[in-house]
Amino acid sequence: MHRDAPRPERRAAEPLTHVTHQSPRGWRLTPEARRTMIAEGAYLRAERRGFAPGHETEDWLAAETEVDALLRVSHGGSSQ
């Protein structure tokens, strides 16, 4: 996508309604919240490539790896 091209409308960020509770280790995300984070990351990767087809699985797996690493860091080394 060209830098000056209009960008598609994006939804406003939703509040963290998928946070289920605060445990002694911190906030816990629902599986739906994790999936949403991965989907958004995969979308952004595809957008940077101009939505060229054929990389959907690669985008998803890379986004999943990034989200899981972020969750491990934010939870002190534990996943989710």
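The predictor's confidence in each residue is expressed as pLDDT, on a scale from 0 to 100. The structure described here is a predicted model, in which local features need pLDDT of at least 70 and side-chain atom pairs count only at pLDDT 80 or more, while totals for chains, interfaces and linings use all residues. Residues are numbered from 1 along each chain as its sequence is written, and side-chain values use heavy atoms, with hydrogens and water left out.

The protein chain has a mean pLDDT of 77, and 59% of its residues reach 70 or more. Helices (H or I, at least four residues) and strands (E, at least two) are DSSP runs, numbered from the N terminus. Among these elements, helix H1 (residues 31-48) has the highest mean pLDDT, 97, and strand S1 (residues 19-23) the lowest, 51. Over residues 11-17 pLDDT stays under 50, and the model has zero contacts (heavy atoms within 4.5 Å) for them beyond four places in sequence. Where pLDDT is low, the predicted coordinates should not be read in detail.

Helix H2 comprises 19 residues, 56-74. From first to last C-alpha it reaches 27 Å, close to the 27 Å expected at 1.5 Å a residue (1.5 Å times one less than the number of residues). Its buried residues (under 20% relative accessible area, with a 1.4 Å probe and protein chains only) are Asp-59, Ala-63, Val-67, Asp-68 and Leu-71. They cover an arc of only 155° around the axis, taken from the directions from the helix axis to the C-beta atoms, and so lie on the same side of H2. The face turned away from this buried side carries Thr-57, Glu-58, Thr-65 and Val-73, which are exposed (over 50%).

The largest nonpolar core (buried Ala, Val, Leu, Ile, Met, Phe, Trp, Tyr and Cys residues joined through side-chain atoms within 4.5 Å) has five residues: Ile-38, Ala-42, Ala-63, Val-67 and Leu-71. H1 and H2 are the elements that give two or more residues to this core, and the largest share, three residues, comes from H2. Leaving aside residues up to four places away in sequence, Val-67 touches Arg-34, Met-37 and Ile-38.

Phe-51 is found in the loop between H1 and H2. Its phi is positive, about 60°, although Phe-51 is not a glycine. A search of the whole structure finds one aromatic pair (ring centres within 6.5 Å, using the six-membered ring for Trp). The pair consists of Tyr-43 and Phe-51, with ring centres 5.4 Å apart. Their planes lie at 55°, so the pair is tilted (under 30 degrees counts as stacked, over 60 as edge-to-face, the rest as tilted). Both residues are partly exposed (between the 20% and 50% limits), with relative accessibility of 30% for Tyr-43 and 38% for Phe-51.
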